[in-house]
Structures are given as structure tokens and as C-alpha cells.
Amino acid sequence: MALVLCLVLIALLVWGMRSTAPQVTSSESGVQSGSNTPAQSAQSTASLFDLIKVSGRVGATPVLDLAAPIDIKGSKRRIYKQGEGRFIAENTPVLVSITAFDGHSGSVLNPSGRARLLVGHADAATLGEDLLSSVVGLAEGSRIVVVRSLNPNATAPGASSAVEIDVVDILPAIATGVVQEGANGNPLHVEMGDEGPVITHGSTEPLGLTTQLLLKGEGAQVNKDDNVVAQYIVMGWSDGIQRQSTWSTGVPELINLAKVMPGVSQALVDQRVGSRIAVTVPPDLATGDDTLAVVIDILGTEPASVDAQSPQSSGDSGSAQSGGVTSAPR
């Protein structure tokens, strides 16, 4: 009988020890996780993303505050803001801005300190596989934060760790600024149709460069040496023939201000992202054969001096691909 009682007491003691042992929980809901390391255990108790604070509106250069260094293997992401614009499906037009930060110091890794731009179709060639899977299914106006570990040989210059924090904003593919009353109609009148802007004008041809601010954006200001991501249409004043347009595909293009016709460059400098402008460009500031009527949606701007890199490069997730309005003869 004494032996039986001893066995019962031992069983109860073992059960009690198991019931008070700490429980292992899965990663937080809504975050895609890679594998964790022992160095990450303290960050797994409270969410990894509790250590990361991102401020600033979507489309502006974000500010990151880091409470403690991040150490992970693989990658995690969190949706910080759900946009209300067009949803991104595979192979549809897409424009994203990416700002990279060091996972230990929190310092900006982009060479210029400004966000980099990727524009094209939502496919692996434009975005890379990882970024594509993060962007598809979200709407324009969304912001996501991706924390990832990199090969030490692939880190950005100046990085103090192999962990990178990328703030990714999905930008609108058309201008979203505030309508400017009284700006439309002199000298150009612009209506938006199913296939983009429809331009009409009176009989009096302007003598020089004119610029009408149709929608006023609140984004970054365009500098004279920038590349500008834009939707645009170019029409001859005299014949009304469309000469160039991005609206046939809906995919924005990059305008290199050093290479476009001088009249377009002059009109874009000091404008803000989110704006729509209507411009008349006289022959001496255009292609030399006619005054041109141009409508431009300004969607993003970045320094022209930064070399394009692949989407997988650290500190830089690629740049907009060069296209642009026809240059004047040089």
C-alpha cells in the first residue's frame, strides 16, 4: 500500500511540473515569418515589430525609430497601412517606393537618403519574387514593412549588420492632388476619359511656354537634376495628332530631366508629386516643328545620379526604368 501511495505522489509531482512550464507560441498573426535564431528569442516574446516605429505619410520619405537592434534569419513583413486605391494584381501596372534602413543602427541605407522607385508591371522581372508576393493583393496607398536578413556580401555600403528593414509604399499610378479651380481651359482644356486625358484648345496659339496646375499634389518637390516618374500624353497643337502617351498601357515611365525637351524640364521643376500639369511647349523648346500640348501626372521623383540596381540589391530595391518624353534635337 505504501508503494502505491509513493507512485501516486511521484505522478502528481511530474504533472504539476509540466503544467507550469512556459508555452511556445506561434508567430504573430498577419506576419509572414522566416526561421528564428536564439538571438531572436527576446524579440519573439513581444512582437518583433514592437521594436520598429515608422512615421510619415505614404509616398513621403519615411522616418524609422528602432528601439533595439534586430537579429533574424529569413524575413518578416507587416502591413502598416491599407490603401484605398486600385488593387494590385499580377502583371498590372505598379509603382512602389522603397526606403531601406540598417537593422542594427536604424540609419538610412539609400545612397541619396531619398526613397527609390520601381515602376513597371507587377511581375518578378520588375519587383523580384519576394517583393512581388508582398505587393500583389494590396491597394495603392498601402505601406508595408519588410525585415530581412541578407548575405553579408550583399549588404549596402555603410551597413552595420546583415539585417535590413525596407519600408515599401505602393503609390498611385495617376495624379491624386486637389483640383485647382479656374486652372482648366486656358490655353488647354483637359478632360479625363477611359483612355487617359483628352486635350482641346482654342484657336490662339500661345507664344511661349505655359503651365497650368490642374491638380495640386502634396508630395516631394521635383529638383532640376531629378528623374520623374509620370503618366503623360503629348499632342501636336496644329494637327491634334497624339505623338506619345503612356496611357495606352497605364504603365508610368521615367522622365530624365537632363534628356527631355527643355520646355517639359522647365515646367516640371519645383512641381510636387501628386500634381497634374498641362503644358504648351513652343517649337524652340520642343522638337522644333510645332507647339506641343502636354499633360503630365507627376507620380514620383528620385535623384538621377543614383545608378539603377536589381530589385534584390541591398540598400536599393532598383529604380524606375528610363523612358520619357521625346527630347529636343541637341
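Arg 114 comes out as partly exposed, with a relative accessible area of 21%; on this scale buried means under 20% relative accessible area, exposed over 50%, and partly exposed in between (1.4 Å probe, protein chains only). This is a predicted model, so local features need pLDDT of at least 70 and side-chain atom pairs count only at pLDDT 80 or more, while totals for chains, interfaces and linings use all residues. Residues are numbered from 1 along each chain as its sequence is written, and side-chain values use heavy atoms, with hydrogens and water left out.

The side chain of Arg 114 pairs up with that of Asp 226 in a salt bridge, at 3.0 Å from N to O. The term covers a side-chain nitrogen of Lys or Arg within 4 Å of a carboxyl oxygen of Asp or Glu. Arg 114 sits in the loop between strand S4 (93–102) and strand S5 (116–121) and Asp 226 in strand S12 (residues 226–236), so the pair ties together parts that are 112 residues apart in sequence. Strands (E, at least two residues) and helices (H or I, at least four) are DSSP runs, numbered from the N terminus. Asp 226 itself is buried, at 3% relative accessibility.

The structure holds nine salt bridges. One of them joins the side chains of Arg 116 and Glu 302, at 3.2 Å from N to O. Here Arg 116 belongs to strand S5 and Glu 302 to strand S16 (residues 292–303), so parts that are 186 residues apart in sequence get tied together. Arg 116 and Glu 302 are both buried.

Strand S16 shows up again with Asp 297, which bridges to Arg 276 in strand S15 (residues 276–281), 21 residues apart. The closest N and O atoms of this salt bridge are 2.6 Å apart, and both Arg 276 and Asp 297 are buried. Elsewhere, Arg 148, Glu 164 and Asp 166 are hooked up in a network of salt bridges.

Then there is Glu 140, in the loop between helix H4 (129–135) and strand S6 (143–149). Despite the loop setting, Glu 140 is buried, with a relative accessible area of 9%. Its side chain makes a polar contact of 2.7 Å with the side chain of Arg 86; such a contact is a pair of N or O atoms within 3.5 Å, where within protein one must be able to donate a hydrogen and the other to accept it, and residues adjacent in sequence count only if both atoms are side-chain atoms. A polar atom of the Glu 140 side chain also lies 3.2 Å from the backbone nitrogen of Ala 173. Leaving out residues up to four places away in sequence, Glu 140 touches a set of residues including Gly 83, Ile 88, Ile 170 and Pro 172, with contact meaning heavy atoms within 4.5 Å.
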